[in-house]
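Please look through the structure shown below together with the report that follows, which starts from the protein as a whole and then turns to some of its parts.

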Amino acid sequence: MNFTAIDFETATSSFTSVCSLGICVVENNKIIERKELFIRPEPLEFNEYNIKIHGIPPAMVEDKPTFDEYWGEIRPYIEGKTVIAHNASFDIRVLCSMLDMYGIPYPAFEYLCTVKLSQKAYPELPSHKLNKLCSALGIRFHHHDACDDAYACAMAMLRIADDYSLTSVKNAAEHFEMEIGSVYPGYHFPCKKNKKKEKSETKKKSQRTASARVTRGAAVRAK
């Protein structure tokens, strides 16, 4: 199993206020790299609520590169890769928002949300938030630290793969009948918890149902 797990932390409620990015790379079911990038948001504005969550104050990032200056370093971890994130709708929206802000074309990649995946893998759990999920799975980490959150997401993915004998992220999506998300220049198709049924299959099912009703009706009339 090969993938890149990512996690963004933001300075405010704005999707373009990234102040930290955690990256965890998995190759052949092994974590081979972990890193965190501290990023100067533009403008350099933070709210107290976010600071209390991730512990990153303005002073920690005021002399760091901005997202566009980091992009050359970030891009190889994402482009052409399979990306996972816990609550991927947030992280992928942040990524796309940052790229839009700087006029950077989207890289091409596929992604899967481990919140949605864990809900299908472990439906008995009362909560699938990252800290609750990892507590149930025995994964120790520091919540809301971007590097640790990416690591925890990767570990959860590997645990699900092990529990269900899955060989790839795409295999996981197929096994749980999920729709894998994809991003490429100019487009973003979201990951979905339930794979959309093919129209032809739905039509055939409707035809079978209608046929069965006609047959039952004929049998009743015959009586």
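Among contacts in the protein between residues at least 6 apart in sequence, 62% join residues at least 24 apart, where contact means heavy atoms within 4.5 Å. The model is a predicted one, in which local features need pLDDT of at least 70 and side-chain atom pairs count only at pLDDT 80 or more, while totals for chains, interfaces and linings use all residues. Residues are numbered from 1 along each chain as its sequence is written, and side-chain values use heavy atoms, with hydrogens and water left out.

The protein has 9 helices and 7 strands, which are DSSP runs numbered from the N terminus (helices H or I, at least four residues; strands E, at least two). Of the 223 residues in the protein, 43% are buried; buried means under 20% relative accessible area, exposed over 50%, and partly exposed in between, with a 1.4 Å probe and protein chains only.

Helix α3, residues 67-78, has 12 residues and spans only 14 Å between its end C-alpha atoms, whereas a straight helix of that many residues would span 16 Å at 1.5 Å a residue, the expected span being 1.5 Å times one less than the number of residues. Its buried residues are F67, Y70, W71, I74, Y77 and I78. Seen down the axis of α3, these buried residues fall within an arc of 130°, so they line one face of the helix; the arc is that of the directions from the helix axis to the C-beta atoms. They pack against β1 (3-10), β2 (18-27), β3 (30-38), β4 (82-85), α4 (88-101) and β5 (109-113), while the face turned away from the buried side carries the exposed residues E69, G72 and P76. After α3 comes G80, whose phi is positive, near 75°.

T4 lies in strand β1 and counts as buried because its relative accessibility is 3%. Leaving out residues up to four places away in sequence, T4 touches I23, C24, V25, Y77, K81, T82, V83 and I84.

The largest pocket holds about 510 Å³ of space. Of the 22 residues that line this pocket, the closest to its centre are D7, E9, N87, F90 and H144. A pocket is defined on a 1 Å grid over the protein atoms alone, as an open set of points where a 1.4 Å probe fits, with protein on both sides within 12 Å along at least five of seven lines, and lining residues have an atom within 4 Å of a point. Grid points are joined across faces, edges and corners, and the volume is the space filled by probe spheres set on the points. Strand β1 gives the most to the lining, with 5 residues.

Several loop residues also deserve a look, and three of them are set out here.

| Residue | Loop | Relative accessible area |
|---|---|---|
| N28 | between β2 and β3 | 58%, exposed |
| N87 | between β4 and α4 | 38%, partly exposed |
| H142 | between α6 (130-137) and α7 | 52%, exposed |

Phi of N28 is near 50°, a positive value in a residue other than glycine, and N87 likewise has a positive phi of about 70° although it is not a glycine. Leaving aside its neighbours within four places in sequence, H142 is in contact with D148 and D149, and the C-alpha atoms of H142 and H54, 88 residues apart along the chain, are separated by 10.0 Å. In the loop between β3 and α1 lies P43, and the peptide bond from E42 to P43 is cis, with omega near 0°.
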